[in-house]
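Open the model in your viewer and keep the selection panel at hand. The stops below say what to select and what is there.

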Amino acid sequence: MENHNDSHIVPFKTYGIILAVLIVLTLISVAVTQIDLASLTVFTAILLASIKSGIVLVYFMHLKFDNLMMKIFVTAVFVLVALVMVVTFLDYNYR
Amino acid sequence: MSNQETETNYVSFREEKGKYKGILAWIFSTDHKRIGLLYLYSIVSFFIIGVGLGAAMKLELLAPGKTIMDPATYNAIFTLHGVIMIFLVVVPGLPAVFGNFFLPIMIGAKDVAFPKLNLLSWWVYVVGALIALSALFMGGGPPDTGWTFYAPYSFKTNTNMLPAVLGAFVLGFSSILTGINFIVTIHRLRAPGMSWFRLPLFPWTLYGTAWIQILATPIVGITLLMIVGERLLNIGFFDPALGGDPILYQHLFWIYSHPAVYIMILPAMGAISEIIPTFANKSIFGYKAIVISTLAIAFVGYFVWGHHMFTSGMSGTALYTFSFLTFLVAIPSAIKVFNWVGTLHKASIQLEAPFFWAASFLFVFMIGGLSGLALGALATNVHLHDTAFVVAHFHFIVFGGVGFAFMGAIHYWFPKMYGRMYNTKVATTGWLFFFIGFCTLYLPMFFLGIDGMPRRYYDYVERFHGPNIVSTIGSWVMIIGLIIIIANLIKGAYSGAKTSKNPWGGRTLEWEVDSPPTLENFEEIPVIERSPYDYR
């Protein structure tokens with residue numbers, strides 16, 4: 001676990017920017033509910049939520065500084081969840 | 001089989017003096033072997049209760065009309081039978097018992113990566129079990145929805161749904177904690193020289209299983225919380241009356257519960273992959289193919305859940321996709337069967353009880369698997385859906401697959417766990433009764449299902465009477481076998497002949513440590529320089 005002993009000093013400015021991005025994305029997720037996107041409504045909500053959780057993982061949870069295997073595992077989990085959703089919507093979108 | 005006694009100048013994990021004494025030394029122990037045994041005793045206790053409920057159902061079906069119970073009781077009993085057998089027995093089953101006991105030893109480690117987390121997972125399991133079983137004793141009566149808790153009925157029944165659902169929710173955490181522990185253990189604690197392709201097959205299957213435990217279990221947790229939200233707060237997730245979609249419940253439930261079938265069956269396949277080469281005295285055929293097929297089953301198994309819902313009203317596109325994927329997952333399963341049979345080809349086989357269990361596993365697993373293809377095909381599924389055929393199919397897979405592998409595993413590793421040997425002739429007799437009883441119990445249900453007998457009905461028309469009598473008699477024979485097996489193992493644990501380190505001639509690491517092992521398993525961590533199955 002050698003990389004856990006390295007210290008990663010992230011400037012406050014970076015955290016501030018990430019916080020601002022998260023707030024903006026939250027506001028967008030609220031605002032977008034005013035628009036009728038029909039079958040893309042759920043997709044849009046999930047996309048925005050995924051971008052937000054991705055940013056949290058990469059910056060706040062330090063995935064950016066983790067080893068390659070951890071990055072691959074986390075990406076693979078996201079791909080798996082995305083695939084499960086795609087398969088689920090093969091039902092909802094084609095009824 | 002050599003029976004020379006193990007040297008006695010060592011202290012086994014069972015005799016080790018710790019901080020606590022008596023039962024406290026067990027329930028607060030962080031030793032992976034003690035925790036494995038705690039799981040064994042808990043799971044076997046629940047299994048006996050589940051068998052009792054199953055036997056009561058078969059007794060009710062001995063004759064048409066009311067035999068020993070009324071319809072409402074029958075509904076509650078099949079629900080409890082399902083909840084206990086699935087959530088308390090087969091899902092934790094092999095990983096919790098044999099995974100805990102043998103994973104660290106088989107990879108050359110002193111314990112799992114997080115021993116305290118391991119103990120916590122057992123405690124969480126016990127708490128979850130108590131919550132689920134409390135549904136039995138509270139006003140309102142036990143739930144009657146079936147173990148699947150399908151919407152919208154699960155929101156309308158006045159029985160104790162919430163404790164059962166909450167129990168299943170808590171049990172999920174136990175599963176997740178075990179999964180995290182096993183993944184980290186396998187990544188970080190393998191002995192020097194144990195590359196991924198020198199990892200024995202049982203740990204490989206535990207690895208695949210652990211990923212499913214971590215990634216699929218939260219989905220059922222969230223789903224069960226949504227039930228609670230709907231029942232208590234009237235949020236319309238699943239109930240059409242509140243604007244919800246009952247098929248969404250089925251999706252979410254099976255997104256977990258189908259991979260859960262692989263949580264059950266993968267470690268069972270791992271145990272069989274250990275037993276067969278040992279008793280064939282021959283290197284396993286196609287080691288890498290078995291490893292890859294394990295991972296393929298774990299992955300593809302995520303995408304086949306819809307085959308439980310072919311008659312629920314899904315879109316045509318979803319139906320075709322799920323049917324195709326279901327046939328796809330049969331391929332890696334079949335690869336394994338061919339590899340096991342290939343291992344037996346031209347082998348000099350030791351005919352002992354563990355081998356009989358493994359060989360009969362192949363037989364019942366094949367019947368279960370092939371009948372699954374009939375259910376995976378869209379047209380036949382419409383005819384067979386919710387009939388006794390489905391009950392026969394999943395009992396051949398889950399009870400035949402997991403149950404036989406569990407029995408094989410306990411007979412295989414018993415001398416290592418207890419340092420004593422059971423009576424091998426009695427063990428074989430018990431297996432014979434069990435195997436005959438099992439086939440007599442479940443085979444007639446295939447015919448009943450094809451003929452149209454629905455599942456979960458406490459009554460039936462006269463033309464189904466004959467096969468139901470045969471089936472009920474089968475349950476009696478199987479229970480006789482079970483009594484013989486359990487009595488023989490208990491007697492063996494207390495007064496069986498002391499056994500050597502390696503009574504079966506196995507090659508994996510657990511056969512190099514003392515029987516029973518010491519607290520830390522190895523005096524020195526071994527250096528691995530060979531494959532786990534270098535027989536000949």
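## Loops and unusual backbone in chain B

Select B:P152, which sits in the loop of chain B that runs between α5 (115-134) and α6 (153-156). This is a predicted model. Show the backbone on the N-terminal side of the proline: B:A151 and B:P152 are linked by a cis peptide bond, with omega at about 0°.

Stay in the loop between α5 and α6 of chain B and select B:F149, which also belongs there. Its phi is positive, about 50°, although B:F149 is not a glycine. Is B:F149 buried or exposed? The cut-off for buried is 20 or more other C-beta atoms within 10 Å. B:F149 has 23 of them within 10 Å, so B:F149 is buried.

Next, go to B:R456 in the loop between α15 (424-450) and α16 (465-495) of chain B. B:R456 is not a glycine either, yet has a positive phi of about 60°. B:R456 counts as partly exposed because 14 C-beta neighbours lie inside 10 Å.

Move on to B:P516, in the segment that follows β2 (497-498) of chain B. The peptide bond between B:S515 and B:P516 is cis, with omega at about -10°. As background to these stops, most residues other than glycine have a negative phi, and most peptide bonds are trans.

## Helix α9 of chain B and its partners

Colour helix α9 (residues 246-280) and helix α11 (residues 316-344) of chain B. Their axes come within 9 Å and cross at roughly 15°. That angle makes α9(B) roughly parallel to α11(B). The crossing of α9(B) past α11(B) is left-handed. To see the contact, show side chains for B:M269, B:I272, B:I276, B:P277 and B:A280 on α9(B), and for B:K336, B:W340, B:T343 and B:L344 on α11(B). By class, these residues are seven nonpolar, one polar and one charged.

Now keep α9(B) and add helix α10 (residues 287-300) of chain B. How do the two axes cross? The axes come within 10 Å at an angle of roughly 170°. The two helices, α9(B) and α10(B), are therefore roughly antiparallel to each other. On the α9(B) side, select B:Y262, B:L266 and B:S273; they meet B:I290, B:T294, B:I297 and B:A298 of α10(B). The contact of α9(B) with α10(B) has five nonpolar, two polar and no charged residues.

## The nonpolar core

The largest nonpolar core has 160 residues. Which of them touch the most other members? They are B:M264, B:I272, B:V402 and B:A405. One of these, B:I272, was already on screen as part of the contact of α9(B) with α11(B).

Centre the view on B:V402 and display its contacts, leaving aside neighbours within four places in sequence. The contacts are B:V90, B:G93, B:L94, B:M264, B:I265 and B:A268.

## Helices α4 and α8 of chain B

Select helix α4 (residues 93-106) and helix α8 (residues 201-233) of chain B. Their axes come within 10 Å and cross at roughly 125°. At that angle α4(B) and α8(B) are oblique to each other. The crossing of α4(B) past α8(B) is left-handed. The residues to show are B:P95, B:G99, B:F102, B:L103 and B:M106 from α4(B), with B:F202, B:P203, B:L206 and B:T209 from α8(B). The contact of α4(B) with α8(B) consists of seven nonpolar, two polar and no charged residues.

## Chain A

Turn to chain A and select A:S53, which is in helix α3 (residues 41-60). A:S53 is partly exposed, with 13 other C-beta atoms within 10 Å. Draw a distance from the C-alpha of A:S53 to that of A:L22: the two residues are 31 apart along the chain, and the separation is 9.2 Å.

Then select A:L40, in the loop between α2 (12-31) and α3 of chain A. A:L40 counts as exposed because 12 C-beta neighbours lie inside 10 Å. A second distance to draw joins the C-alpha atoms of A:L40 and A:N93, 9.9 Å apart in space and 53 residues apart in sequence.

The last stop is where the chains meet: ten residues of chain A are in contact with eleven residues of chain B. The side of chain A that touches chain B is made up of seven nonpolar, one polar and two charged residues.

Conventions:
Residues numbered from 1 in each chain as written. Chains lettered and ligands numbered in written order. Predicted model: local features only at pLDDT ≥ 70, side-chain atom pairs only at ≥ 80, totals over all residues. Axes fitted to C-alpha atoms, helices over the stretch in contact; angles between N-to-C directions. Helix = DSSP H or I, 4+ residues; strand = E, 2+ residues; numbered from the N terminus. Parallel < 35°, antiparallel > 145°, perpendicular 65-115°, else oblique. Left-handed = near helix turned anticlockwise from the far one by under 90°. Contact = placed C-beta atoms within 7 Å. Nonpolar A, V, L, I, M, F, W, Y, C, P; charged D, E, K, R; others polar. Core = buried A, V, L, I, M, F, W, Y, C linked by C-beta atoms within 7 Å.
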